[in-house]
Amino acid sequence: MAIIITDECINCGACEPECPNTAIYEGADDWRYADGTDLSGDIVLPNGKAANANEAHEPLSDEIYYIVPDKCTECVGFHDEPQCAAVCPVDCCVPDPANEETQEQLMGKQKFMHNE
Ligand code: SF4
Ligand code: SF4
């Protein structure tokens, strides 16, 4: 499942540079599928969602750092454990029960984002 940042986040910024998928954004910043990935132009995600990779999307939080669920692979394909959770000083990067995925789905997302 994807990782989610809870409202206990203290905005330290430690997690953002650790994410291999650029799935973590500072509060109030726009996000894009193309950021830190090989995606560009019109895309269809492995979950069937159509999007434009270069289009800027509204922030998921205006107050704290946030994770884009479609871009988070739980670090599968890069690391043995979620890097955001490993560095977070207040342990507020936790599994998101609303976005449960299998290991195969997570690997599929990683390949989709980085092997075009
Ligand atoms: S678990 Fe990994 S891929 Fe997901 S947001 Fe954290 S660092 Fe990024
Ligand atoms: S490392 Fe933790 S406290 Fe720091 S910005 Fe990321 S989620 Fe927030």
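Ligand 1 sits among Ile3, Cys19, Pro20, Asn21, Ile24, Ile67, Cys72, Thr73, Glu74, Cys75, Pro82 and Cys84. By class, that shell breaks down into nine nonpolar residues, two polar ones and one charged. Bear in mind that this is a predicted model.

What about ligand 2, and which of its neighbours come nearest? There are 14 residues around ligand 2, and the nearest are Cys9, Cys12, Gly13, Cys15 and Cys88. The class count here is twelve nonpolar, two polar and no charged residues.

With that many cysteines around, how many disulfides does the structure hold? The count is zero.

Now for burial. Cys19, from the ligand 1 shell, has a relative accessibility of 16%, which is under the 20% cut-off, so Cys19 counts as buried. The table puts some residues side by side.

| Residue | Relative accessibility | Class |
|---|---|---|
| Cys19 | 16% | buried |
| Cys84 | 8% | buried |
| Cys75 | 8% | buried |
| Ile5 | 11% | buried |
| His114 | 17% | buried |
| Thr22 | 26% | partly exposed |

On to the packing. The largest nonpolar core is made of 16 residues, and Ile5, Ile24, Ile67 and Cys84 have the most contacts inside it. Ile24, Ile67 and Cys84 also turn up around ligand 1. A separate core of 13 residues lies apart from that one, with Tyr25, Ala34, Val68 and Phe112 among its members.

Ile5 deserves a look of its own. It belongs to strand 1, which covers residues 3-5, and it is buried because its relative accessibility is just 11%. Setting aside neighbours within four places in sequence, Ile5 touches Cys15, Ile24, Ile64, Tyr65, Tyr66, Ile67, Cys92 and Cys93. One of these contacts, Cys15, is also listed with the nearest residues to ligand 2, while Ile24 and Ile67 are part of the ligand 1 shell. As for Glu55, which is 50 residues away from Ile5 along the chain, the two C-alpha atoms are 23 Å apart.

Next comes helix 2. It runs over residues 103-114, and its twelve residues reach 17 Å from first C-alpha to last, close to the 16 Å expected at 1.5 Å a residue. Which residues of helix 2 are buried? They are Leu106, Lys109, Gln110, Phe112, Met113 and His114. Strand 3 (42-44) is part of what covers them. Of the buried residues, Phe112 is also a member of the 13-residue core.

His114 is in helix 2 too, and it counts as buried because its relative accessibility is 17%. Beyond neighbours within four places in sequence, His114 is in contact with Pro20, Asn21, Gly36, Thr37, Asp38 and Phe78. Pro20 and Asn21 are familiar from the surroundings of ligand 1.

Finally, a couple of backbone oddities. Most residues other than glycine have a negative phi. Thr22, however, has a positive phi near 45 degrees. Thr22 is placed in the loop between strand 1 and strand 2 (24-25), and at 26% relative accessible area it is partly exposed. Cys75 is another non-glycine residue with a positive phi, about 70 degrees. Its place is the loop between strand 5 (66-67) and helix 1 (83-87). Is Cys75 buried or exposed? With a relative accessible area of 8%, Cys75 is buried, and it is also one of the residues around ligand 1.

Notes
Residues numbered from 1 in each chain as written. Chains lettered and ligands numbered in written order. Predicted model: local features only at pLDDT ≥ 70, side-chain atom pairs only at ≥ 80, totals over all residues. Heavy atoms only, no water. Near = heavy atom within 4 Å. Nonpolar A, V, L, I, M, F, W, Y, C, P; charged D, E, K, R; others polar. Disulfide = S-S within 2.5 Å. Buried < 20%, exposed > 50% of the residue type's maximum accessible area, 1.4 Å probe, protein only. Core = buried A, V, L, I, M, F, W, Y, C linked by side-chain atoms within 4.5 Å. Helix = DSSP H or I, 4+ residues; strand = E, 2+ residues; numbered from the N terminus. Contact = heavy atoms within 4.5 Å. Expected span 1.5 Å × (residues − 1).
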